[in-house]
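Thanks for coming, everyone. I have one protein to walk you through today. Please bring up the sequence and the structure.

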Amino acid sequence: YNNKSSSLLSTEKYQYVTTLPVFADVRTNSYGGVISFENLNYLYNPVSGWDIVMEGGVGDKLIKKNISLNQELYEGLTLRSLQFNLNGKVNRFIKLRKRSTLMLGVQGGIINGENIFENELFRIGGQRTIRGFDDESIFASSFAIATMEYRFILEENSNLFLFTQGMYYDKDLINSHVYDTPYSFGLGINFQTKPGIFSVSYSLGSQLNNPILLRSAKIHFGFVNYF
């Protein structure tokens with residue numbers, strides 16, 4: 001069960017708009033489930049096996065009328081509707097040699113329903129999704145990310161890696177529709193420390209047909225601790 005609610009903190013700049021803003025007061029109560037399958041030779045630094053997670057849900061979405069906005073903006077708008085969401089990942093590790101592996105991964109998600117607003121979207125970018133972009137800087141109603149990563153095993157819980165990623169996403173809102181195909185590439189290291197596994201990656205990315213620029217490179221940090 002998941003309850004998600006968001007509200008406009010300030011409506012001052014929306015007082016004279018003639019269409020609904022891309023953000024809105026929304027509450028969603030949803031129910032769903034998760035399917036997980038894991039068949040890795042070693043959890044913390046695998047060289048072979050599968051890692052699959054799929055999550056889906058359906059919910060009752062309510063658009064709440066904001067009393068500070070022109071109420072005519074809500075005319076003809078369906079205030080209560082069903083909303084569906086699905087997201088997940090599939091990672092395949094293929095052993096190449098004794099100390100090297102190739103990771104092929106796909107992850108994606110979709111939000112489907114009536115009158116979707118920006119504050120309901122997936123937020124993509126950063127260490128856990130597509131590297132080379134600021135954390136949660138890409139808003140998407142649906143997306144798919146493909147990853148290819150070569151890893152050289154340094155020790156039990158450490159590796160060096162090279163990666164490339166490509167993504168397709170849609171941003172389908174109530175008043176607009178945008179899509180793009182960002183991509184990125186880079187290198188990094190995962191290494192064992194006393195508290196856990198620390199990750200650092202250097203990456204370059206491009207979106208909206210902009211060129212690759214060294215000054216726009218991103219350095220991502222991550223930390224994993226298992227109990």
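Let me start with the surface. About 13,300 Å² of the protein is accessible, and carbon and sulfur atoms account for 55% of that. Keep in mind that this is a predicted model.

Now the overall dimensions. Along the principal axes, the C-alpha atoms fill a box of roughly 65 × 40 × 30 Å. The protein has 227 residues, and 40% of them count as buried.

What about charges? There are 21 positive and 20 negative ones, and their mean positions sit 9 Å apart.

Next, secondary structure. How many helices and how many strands does the protein have? The count is 0 helices and 13 strands. So reading from the N terminus, you go β-β-β-β-β-β-β-β-β-β-β-β-β. Look at the contacts between residues at least 6 apart in sequence. Of these, 57% join residues at least 24 apart.

On to the inside. In soluble globular proteins, nonpolar side chains tend to be buried together. Here, the largest nonpolar core has 14 residues. Which of them have the most contacts inside the core? They are I124, I130, I138, F143, I145, M167 and Y169. Four strands each supply at least two residues of this core: β6 (122-124), β7 (138-140), β8 (142-155) and β9 (158-172).

Take I130 from that list. Set aside residues up to four places away in sequence. I130 then touches I124, G125, I145, Q165, M167, P182 and S184. Three of those names should sound familiar: I124, I145 and M167 are also on the list of core residues with the most contacts.

There is also a second core, separate from that one. It has 11 residues, including L20, V26, Y74 and F117.

Now the aromatic rings. The count comes to 7 aromatic pairs. I will show you two. The first one I picked is F122 with F143. It is edge-to-face, with 5.2 Å from centre to centre and 75° between the planes. Why does this pair tie together separate parts of the chain? F122 lies in strand β6 and F143 in strand β8, so the pair links parts that are 21 residues apart in sequence. Are these two rings buried or exposed? F122 has a relative accessible area of 17%, so F122 is buried. F143 is at 11%, and buried as well.

The other pair is F191 with F198. This pair is edge-to-face too, at 5.5 Å centre to centre and 65° between the planes. How accessible are these residues? F191 has a relative accessible area of 26%, which means partly exposed. F198 is also at 26% and partly exposed. Add F221, and you have one aromatic cluster: F191, F198 and F221.

Last stop, a loop. Find L214, between β12 (197-206) and β13 (218-224). Is L214 buried or exposed? Its relative accessibility is 66%, so L214 counts as exposed, the cut-off being over 50%. Beyond its neighbours within four places in sequence, L214 is in contact with Y202 and L204. And how far is L214 from S184? They are 30 residues apart in sequence and 12 Å apart in space, C-alpha to C-alpha. You have met S184 already, as one of the residues that I130 touches.

That is my tour. Over to you.

Notes:
Residues are numbered from 1 along each chain as its sequence is written. This is a predicted model: local features need pLDDT of at least 70, side-chain atom pairs count only at pLDDT 80 or more; totals for chains, interfaces and linings use all residues. Side-chain values use heavy atoms; hydrogens and water are left out. A nonpolar core is a set of buried Ala, Val, Leu, Ile, Met, Phe, Trp, Tyr and Cys residues joined through side-chain atoms within 4.5 Å. Buried means under 20% relative accessible area, exposed over 50%, partly exposed in between (1.4 Å probe, protein chains only). Contact means heavy atoms within 4.5 Å. Accessible areas come from the Shrake-Rupley method with a 1.4 Å probe; for residues, only the protein chains shown count as cover. Lys and Arg count as positive and Asp and Glu as negative; His and the chain ends are not counted. The place of a charge is taken as NZ of Lys, CZ of Arg, CG of Asp or CD of Glu. Rings of Phe, Tyr and Trp (its six-membered ring) pair if their centres lie within 6.5 Å; planes under 30 degrees apart count as stacked, over 60 as edge-to-face and the rest as tilted.
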